[in-house]
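Me: I have a structure open and would like to go through some of its side chains. Can you help me read it?

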Amino acid sequence: MKKWYYLVASLIFILSLSCSQKQDKIDSNTIITSIFPIYDFTKQIIKNTGFTAKMILPPAVDAHTYEPKPRDIIAIKNAKLFVYIGKNMEPWAHRLAKTHVSKNKTINILDKLLKSKIIKKQNHHGDHDHKIDPHVWVNPTIAITIIDVLYNNFKKLNSINKPILLKNVVAYKNKLTQLHASLNKRLQSCKFRTVMYAGHFVFNYFTKQYNLQHIVPYKSYSGNAEPTPKLVAAFINKVKKLQVKYIFYGELIKPRIAKLVARETGAKLLLLHGIHNVSKDEFKKNITYISIMKQNRKALRLGLQCK
C-alpha cells in the first residue's frame, strides 16, 4: 500500500513539474530576471527582438526572502540568460546563479556597477553584513547605466534582432533621461529637504542624486532588519523637530512603524514606492518602473511641499 502511495505521489510531482514547464514556456529565447525593476528594464529593451522576459519573483512577494521553487530552477536552466541585482539584494537569486547556471549565462548587476565604479562599498551605521546598498535602480541616472550593462550583454546573443534592440535602448534611455530631468527640476523648490521614510534604507541613491536628506528608523540595508525603540523614538523626535507634514512608507508591507509615528506626530502618510516588487493587480495592469517613479515624484512634491 505504501509503495502505491509513493508511486502516485511521485507521478503527481513529475506531472506538476511538466505542467509548470509548459505553462512557463521557457525556451532559449527567454531572459529570466529576479525582481521587478530588472524585469521591467529587460522587458522594455527586448520587445520585438525575438526574445521575451520573465520574472522569477511572483508579484506581491518579498524580494529579499523569496524561496525559489523547482520550476524556477528548471526555468533558469532552460533560459538564455539569468539577470539579478546581486547577493546583497536577492541572496536566493545569487544561490541559484552559483549552483544552477554557468557563469557566462548570468548577469550580476552589482558586480558590473562596482567594476565600473558607479557604486562603491559602504559601511553604513556600523552595518558589517550589508556593505553594498543594493537599491541602485531608484536613481534614474544609475538606471541608465544598468540599461547599458544589459545592452552590452544582450547584443552578444546570436538570435536577437540587434537593430531593434539598439532602437529600444536609445528610446528607453531617452525616457529615463527625461524622468531624471523632471525630478531634478521639480524637487529643487521644496520647502522641506528631508525625506522621513518609515522603512528600510531604500532611497539613498535617489536622495543623494537630488540633494535631499534621507532619514529612516533602521540601521541596515537588509530587508530583515528591525527598528529598535531607541531609533523609532529618535525618528519621532526628528519629525517633530523638522515639523514635517508627511512621512513616507514602503510598498507591499503593513506600515506599522509609519502609523505609529503618524499617531505620535500628527503627520500624514504617503506611499513612496521602492519598486522591489509590485502587487498582483499592478502586474496585471502592466505597471512600469517609469510610471511608479512618476507616482513617487507626485508624492514627494506633496510631502516635501515643492512649488
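Reply: Below we go through ring pairs, charges and a few loop residues.

Me: What kind of model is this, and how are residues numbered?
Reply: This is a predicted model, in which local features need pLDDT of at least 70 and side-chain atom pairs count only at pLDDT 80 or more, while totals for chains, interfaces and linings use all residues. Residues are numbered from 1 along each chain as its sequence is written, and side-chain values use heavy atoms, with hydrogens and water left out.

Me: OK, rings. How many aromatic pairs does the structure hold?
Reply: There are nine aromatic pairs. Rings of Phe, Tyr and Trp (its six-membered ring) pair if their centres lie within 6.5 Å; planes under 30 degrees apart are stacked, over 60 edge-to-face, and the rest tilted.

Me: Why is the pair of Phe-41 and Tyr-289 called edge-to-face or stacked, whichever it is?
Reply: Edge-to-face, because the planes of Phe-41 and Tyr-289 stand at 70°, with the ring centres 4.9 Å apart. The pair links distant parts of the chain: Phe-41 belongs to helix 2 (residues 36-46) and Tyr-289 to helix 12 (residues 289-303), 248 residues apart. Helices (H or I, at least four residues) and strands (E, at least two) are DSSP runs, numbered from the N terminus.

Me: Are those two buried or exposed?
Reply: Both Phe-41 and Tyr-289 are buried. Buried means under 20% relative accessible area, exposed means over 50%, and partly exposed is in between (1.4 Å probe, protein chains only).

Me: And what about Phe-82 and Tyr-84, stacked or edge-to-face?
Reply: Phe-82 and Tyr-84 are stacked, with 5.5 Å from centre to centre and 20° between the planes. Phe-82 is buried at a relative accessible area of 0%, and Tyr-84 is buried at 3%.

Me: Which rings are linked into a cluster?
Reply: Tyr-197, Phe-203, Phe-206 and Tyr-210 are, through ring pairs.

Me: Switching to charges. How many salt bridges turn up in the whole structure?
Reply: Two salt bridges are found. The term stands for a side-chain nitrogen of Lys or Arg within 4 Å of a carboxyl oxygen of Asp or Glu.

Me: Where do Asp-148 and Lys-173 sit?
Reply: Asp-148 and Lys-173 form a salt bridge, at 2.7 Å from N to O. Asp-148 is in helix 6 (residues 140-154) and Lys-173 in helix 7 (residues 162-186), so this pair links distant parts of the chain, 25 residues apart. Asp-148 is partly exposed at 26% relative accessible area, and Lys-173 is partly exposed at 23%.

Me: Which side chain meets Asp-281 in a salt bridge?
Reply: That is Lys-285, at 3.2 Å from N to O. Asp-281 is partly exposed, with 44% relative accessibility, whereas Lys-285 is exposed, with 62%.

Me: Last topic, the backbone. What is odd about phi of Ala-60?
Reply: Phi of Ala-60 is positive, about 75°, although Ala-60 is not a glycine. Ala-60 lies in the loop between strand 2 (52-55) and helix 3 (70-78), and is partly exposed at 39% relative accessibility.

Me: And Asn-211, what is phi there?
Reply: Phi of Asn-211 is near 60°, a positive value in a residue other than glycine. Asn-211 is in the loop between helix 8 (204-209) and strand 6 (213-215), and counts as exposed because its relative accessibility is 60%.
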